[in-house]
There are 2 protein chains.
Amino acid sequence: MAKRPPVKRKRTLKWQRDPEGMRLRILEAAKQEFSAHGLAGARIDRIAAKAGANKRMLYYHVGNKEDLYLTVLEGAYEKIRGEERQLDLEHLDPPEAIERLIEFTWNYFLRNPEFLALLNTENLARAKHLKRSTKVKSMHSPFVEMIRTVVTRGVESGDFRVTVDPVQLYISIAALCFFYLSNSATLSVIFGRDLLTKEARDERLAHMVSLVLAALTGKSTALFDKPKAPSLRAPAHHTA
Amino acid sequence: MAKRPPVKRKRTLKWQRDPEGMRLRILEAAKQEFSAHGLAGARIDRIAAKAGANKRMLYYHVGNKEDLYLTVLEGAYEKIRGEERQLDLEHLDPPEAIERLIEFTWNYFLRNPEFLALLNTENLARAKHLKRSTKVKSMHSPFVEMIRTVVTRGVESGDFRVTVDPVQLYISIAALCFFYLSNSATLSVIFGRDLLTKEARDERLAHMVSLVLAALTGKSTALFDKPKAPSLRAPAHHTA
DNA sequence: ACAGTATTTATCCAACGGGTTAATTCTTGC
DNA sequence: GCAAGAATTAACCCGTTGGATAAATACTGT
């Protein structure tokens, strides 16, 4: 039970206070860490180091590891929902609206790969944390209603031959984008070609747009028609 | 450097040898553990316990944690490739072949949820292990060629209006199935409805088939047309 | 100035977890 | 039968890691 003697301070370096900045840096570092290693693989020490902080600060500002994780996850959802809201498809022709929606989803996932990893991590945990989050549950995706009206308009205008459940359509569009990007590493190995080159990405976007639009409108897009050589390039080694 | 004195054995319980069985039990237990918790979250002790084995046995029969993980992953790929081979689409009408392919993929993923989790885990690691595997690389999926011939036949027969890169089509079909099931936990929370009920699953399969076939053939399937009420059921709580 | 609080640092620790050592028992070829 | 090797068990080693404690320093209002 020997009491530890008072710690001697050697350096009296000045440090600045910046609680908000610190919190932000912690959350950013945690996002990187959790998306790179998952929940169990993430290391508190690495997050602290990356944030230019001390481990103790995480607990001070956010709480324990799981709290930190949930906060990061909530932030990720907030971000995408925010961007989703800015995308208004109301003024566009229904087919253009769908195309724009696909492009947005695709580019968002491309720009925010951590989001994909975080979702996968959370699904591995069977949404255990998300279920506890009151925040996320209230953040309904504005997409579903937007899509519903787009589909309705499209059917009325004759652009679309069919009606679809907007939720199914939303999931399908997300699926086409998500799976390709989230699984690009294993797919690249399996197919022996780099799926993340500029050309491959452009090709994929074109494919997705024509797939969905062809199904909805009944007209095959020129892009979809492209016969495409097998294009068996060298296996992927960079994952830019 | 004090030598440990010889350990005294108290119980002289008889035990049976069963190397092959033991190895299988270990791999099965490991598959469960890795798919349930990911690579970092998996616990060697739990795997041993689940296999009715001793921790030391894992190292004796398979190697260290990463070796074990890779072995499990390779086994998972072998299994799906094996079932894929049995599925011959050659005799079917092109549209039926595509429908059958979608149904197979969907049902395989439904029956083998661990496979989805393993793939996600491996993609989190950017396919680090898969790249090292000589086994998997040699298991080039015959699927791509199968799909290519189906598409070619479809175009020649006039069933399909368009040509598609078989890799893109394969990825799209896998994507539609994979994403829905792999992310059902978070999606169920977001949309406030259980996506894994029998009805929801049937609805999803119908949606995917009509989406892809409508795009390929230009004819909208009856199923796709179903206007579908919003059907906002109670939030999901069981994840059967 | 200065008391009181908010923020940050240095240090510690108990539990955990992968991996290892060494002893023991079963099996098989001769 | 019995020696050699294969399979299995128990014990334990040791770095890691999440989390905790206490002290120190910056900031704020008065």
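The exercises below, with worked solutions, concern a predicted model with chains A and B.

Local features need pLDDT of at least 70 and side-chain atom pairs count only at pLDDT 80 or more, while totals for chains, interfaces and linings use all residues. Residues are numbered from 1 along each chain as its sequence is written, chains are lettered from A in the order in which they are written, and side-chain values use heavy atoms, with hydrogens and water left out.

**Exercise 1. Chain A in outline**

Task: State how many helices and strands the secondary structure of chain A comes to, and what percentage of its residues is buried.

Solution:
- Step 1. Helices (H or I, at least four residues) and strands (E, at least two) are DSSP runs, numbered from the N terminus.
- Step 2. Chain A has 13 helices and zero strands.
- Step 3. Buried means under 20% relative accessible area, exposed over 50%, and partly exposed in between (1.4 Å probe, protein chains only). Buried residues account for 53% of the 240 residues in chain A.

**Exercise 2. Relating the two chains**

Task: Find which turn and shift lay chain B on chain A, and which residue of chain B comes closest to the rotation axis.

Solution:
- Step 1. Two copies of a chain are related by a rotation about an axis and a shift along it. The superposition is by least squares on the C-alpha atoms of residues with pLDDT of at least 70 in both copies.
- Step 2. A turn of 180 degrees with a shift of 0.0 Å along the axis lays chain B on chain A, with an RMSD of 0.2 Å. That is the relation of a two-fold axis.
- Step 3. In chain B, Ala215(B) comes closest to the rotation axis, its C-alpha lying at 2.1 Å.

**Exercise 3. Three salt bridges**

Task: For Lys31(A), Arg46(B) and Glu84(B), name the salt-bridge partner and place each pair in the structure.

Solution:
- Step 1. A salt bridge is a side-chain nitrogen of Lys or Arg within 4 Å of a carboxyl oxygen of Asp or Glu. The count over all chains is 24 salt bridges.
- Step 2. Lys31(A) pairs with Glu28(A), with the closest N and O atoms 3.7 Å apart. Both residues lie in helix α1 (residues 19-41) of chain A, three residues apart, about one turn of the helix. Lys31(A) is buried at 16% relative accessibility, whereas Glu28(A) is partly exposed at 37%.
- Step 3. Arg46(B) pairs with Glu33(B), with the closest N and O atoms 2.7 Å apart. This pair links distant parts of the chain, 13 residues apart: Arg46(B) is in helix α2 (residues 44-50) and Glu33(B) in helix α1 (residues 19-41), both of chain B. Arg46(B) is partly exposed at 36% relative accessibility, and Glu33(B) is buried at 0%.
- Step 4. Glu84(B) pairs with Arg81(B) at 2.9 Å, N to O. The two are three residues apart in helix α4 (residues 65-86) of chain B, so about one helical turn separates them. Both Glu84(B) and Arg81(B) are buried.
- Step 5. Salt bridges that share partners join Glu28(A), Lys31(A) and Glu114(A) into one network.

**Exercise 4. Phe178(B)**

Task: Locate Phe178(B) in the secondary structure, decide whether it is buried or exposed, and give its C-alpha separation from Trp106(B).

Solution:
- Step 1. Phe178(B) belongs to helix α10 (residues 166-182) of chain B.
- Step 2. With 3% relative accessibility, Phe178(B) counts as buried.
- Step 3. Phe178(B) and Trp106(B) are 72 residues apart along the chain, and 7.7 Å separates their C-alpha atoms.
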